[in-house]
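The following exercises concern charge pairing, helix geometry and nonpolar packing. Each task is followed by a worked solution.

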Amino acid sequence: MDVLTDILASLRLTGGVVIDAQTRGDFCLLSRFKDEDSERFQVRADELVAYHYIRSGRLYASVDGEPPITLNPGDIVLLPRNDVHLLYTRPGLTPIDSHEVIEAAPNGPARVLIDNGGDAVDFYCGFLGVSTENHPLLDSLPKMLKLDSSDDAHSDWIETSMRMLNEAGQSPEMVARVSELFFAEAIRRYMDRLPRGERGWLAGLKDPAVAKALAVIHSRYAEELDIETLAREAGVSRTKLGELFAELIGEPPMRYCGRWRMRVAANMLRDGKQNASNVAYSVGFNSEAAFTRAFKREYGEPPATWRRRVEDDAKKRVELAQTGLPQQVVRYARAEDGTRLAFSIMGEGPPLVKAANWLNHLEHDWKSPVWRHWLHEFARGHSLIRYDERANGMSDWDTPEISFEAFVDDLECVVEQAGVDKFDLLGISQGASVAIAYAVRHPERVRRLLICGGYAAGWAARGDPEEIARREALLTLTEVGWGADHPTYRQVFTSLYIPNGTPEQINWWNEMQKVSCSPENAVKLQRALSLIDVRDLLPQVSVPTLIFHSRDDQVVPFSAGEYLARNIPEATFVPLDGDNHLLLEKEAGWNDFVRLARQFLKPEEGDELDPLVAEAKPAEQSGTCASSDGAKIAWTSIGEGFPLVMPAVWFHHIDKDLSTPTWSHWMAEGLRGRRLIRSDMRGVGLSDPDPHRWNFDSLLDDFVAVIDGAGVEKLDVLGMSHGALVAIAYAARFPERVRRLVLIGGYAEGFGVRNDPEEIMRRETLLNLGRGYAPSDRGSFARMLGALYWPEANSEMMDWFVDRLGTISVLSEQLQDVFRTIDLRPDLAKIQAPTLIMHSRGDRIIPSACSETMAAQIAGSKLVLLDSENHIPLDHDKGWTRARAALRAFLGEKKRVFA
């Protein structure tokens, strides 16, 4: 690693695309990124490097004191110190502040839309966060750096990447990832153009003696270096090195050495993986006390204090950004008895109203580790309307009546004040009873009813003597200890509601009880809730209803959820594994709840719910089988019915795929009345991590071994991406065993055989980029690669891909080698099974022409081109609806009944 690469790594660059600008006609923008522009990316940045990537048209950029530069499509301009600058289409225009024309977007970057009539200029505006203040590299750069797409003086991967970015429709995420690399390249090009005799920090990197000394300092920071050692390594005298170093770098060699050592130490402390004592040893100190003194001289405070401050600052940034929620504005409505009710509307889309339950607070829930994931989920694609129950949260605590009838009236009041006519209704815990009563009163206004942890009769109405005695004891405890400063009394309630909560969740729940409700109101509310009884109303519910309940719920018995499902006409009941009354984000039931709730609230006309993964778990079978070379291949079978077998792909993991944003919707389709059999590819997931053989024949042998291990004779095969190759080969060689064949995003010939020069260069570029990232920074490469696979991915999807790729070291490169020269086109004519082929029209990984080739050569096959840019359609993109319908029609519709 050269010195510049080492120094760039110390900057800890992170980034994101903040603005997608689409303009027509003349304009002039005054631009500079503010801290709030980057907050939602959770970037730990002390300084920002601004950049603009020009997608189409011509643009000019200028800063005070420097001549303007011209930007053409494919060009990038970087501002290393985020200086105030102008972006304009022609000189002489009056500038306007860019923040005045920025429009927030619920997903993706904010937008600037200017339509003054004229030529189009489209560009992305982004930033790179730098986690180090006053870095000499940034200080030595000019105010603007331009990376010109027409400059062919450097490596092929830069040119190819430029062309890749310049293609229509590239995602902001990929632009951000590649821009980090372009920043490094822009600096290198600037260095190359420095005139002879130039002075300054970057010029020092061009001097042989100084560059050698810097290399020693950077690579051997833990050694006891001295000026004699540096001079000897640099091949000059001590005096000469000292003069050159001070003249070019701006300080003596040993002072720079000490500062670099402290910079490395600061980055280690920031990472949080080592304590101060270990960091001291890692950077060459034998005494923690000596390290503390040196660190304090550089940063003004001891390492432990500095680390706490940095962590606190980062935590605040994360807390602010983690909500990731649309803006909330709290409003107030007046109930009939004068009680003031606080409510809010957040998000965009069809209205979803949440009936209130106690222990809520509109403001505190915003950052709650117990409620935050609920808000994320239901503000996603909805206008979420929620309110604080009377005597609770931000609504009036001093209210004339606390009763079930008042609760239902309050829901009516909030709905009227919010001005919604028809909506979906969510009821959690006692909110379910309120929602049921409202749905019976106003069936014309409720489209769908979603219930979680609900009941029709309160504990007093249920009449169980043991439960009543236990609840009365809790009421006494509430009267005595609810308002106490010590949380011991409140802890009893917390252990019932979220027994499996993390310490953070438990502490928050303890304190939430105190700030959301007074002791007197807590008793009154529990009394009112105990008397709820809507059992007579259940047969009158006429809206589609989906009910969830945790099997071991310690607050509301599981039987209460079963009772609701038995007595609400045509209700669907989904039991969830777990004992938390309120579903927490990390428990297994939450993923099942989210998947089915999304489908229930956004169905197509006449659509049925998918079978719940948890329902099929009793029929799950898993194990390992030995392939022909002895490699252990992990496989699993789930569900019952005709077998559907999926060849493995390199980012499969059989323990995780059922809940991942990439595969879960496909797995659900596979489970529609079928037995779904999956496996992990050799070298991946739970299969043999270090197989002796790695070629296509071994992958096919693995698939054969899985089928035999599962005891399957006749099967359907579903091949995705490069898994389609295994599916093709198997169907051609064992035609008597394959009933139907489905190929999605697949191909029959490798990119080397297709011999498209641009595709080959693009593939080689990706390999070069992957090799260029250190293991500790594979996340940057993963996000860039993920943006190619799924340009329409949301943050959840991208986080999953980064995490998944981080567990795979060299496999992607091995796959490129395996699939580069493969050619199964002769096998296509041997396929006898009816075949469905689907491909995204905008696929950037495998051209859709590959599926067109397969369809032309497989007799009687059906080709469906999907309106999607994702390599494999995601559940929220427009191509998924057609893909799902085609898959169901082809495989044959099978329905299952919920337990």
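**Exercise 1.** State how many salt bridges the structure holds, and place the pair formed by arginine 259 and glutamate 298.

*Solution.* The structure holds 38 salt bridges (a side-chain nitrogen of Lys or Arg within 4 Å of a carboxyl oxygen of Asp or Glu). The model is predicted: local features need pLDDT of at least 70, side-chain atom pairs count only at pLDDT 80 or more, and totals for chains, interfaces and linings use all residues. Residues are numbered from 1 along each chain as its sequence is written, and side-chain values use heavy atoms, with hydrogens and water left out. Arginine 259 and glutamate 298 meet at 3.3 Å, N to O. The former belongs to helix α10 (residues 253–271) and the latter to helix α12, 39 residues apart.

**Exercise 2.** Determine which residues of α12 are buried and how they are arranged.

*Solution.* Begin with the extent: α12 covers residues 288–299 and spans 16 Å from its first C-alpha to its last. Next, Phe291, Ala294 and Phe295 are buried (under 20% relative accessible area, 1.4 Å probe, protein chains only; exposed means over 50%, partly exposed in between). Viewed down the axis, these buried residues fall within an arc of 100°, so they line one face of the helix. Arg293 and Arg297, on the other side, are exposed.

**Exercise 3.** Identify the residues that touch the most other members of the largest nonpolar core.

*Solution.* Among its 93 residues, they are Trp374, Leu450 and Phe593. Such a core joins buried Ala, Val, Leu, Ile, Met, Phe, Trp, Tyr and Cys residues through side-chain atoms within 4.5 Å. A second, separate core has 83 residues, including Tyr789 and Met854.

Note on methods: Helix = DSSP H or I, 4+ residues; strand = E, 2+ residues; numbered from the N terminus. Expected span 1.5 Å × (residues − 1). Arc of directions from axis to C-beta.
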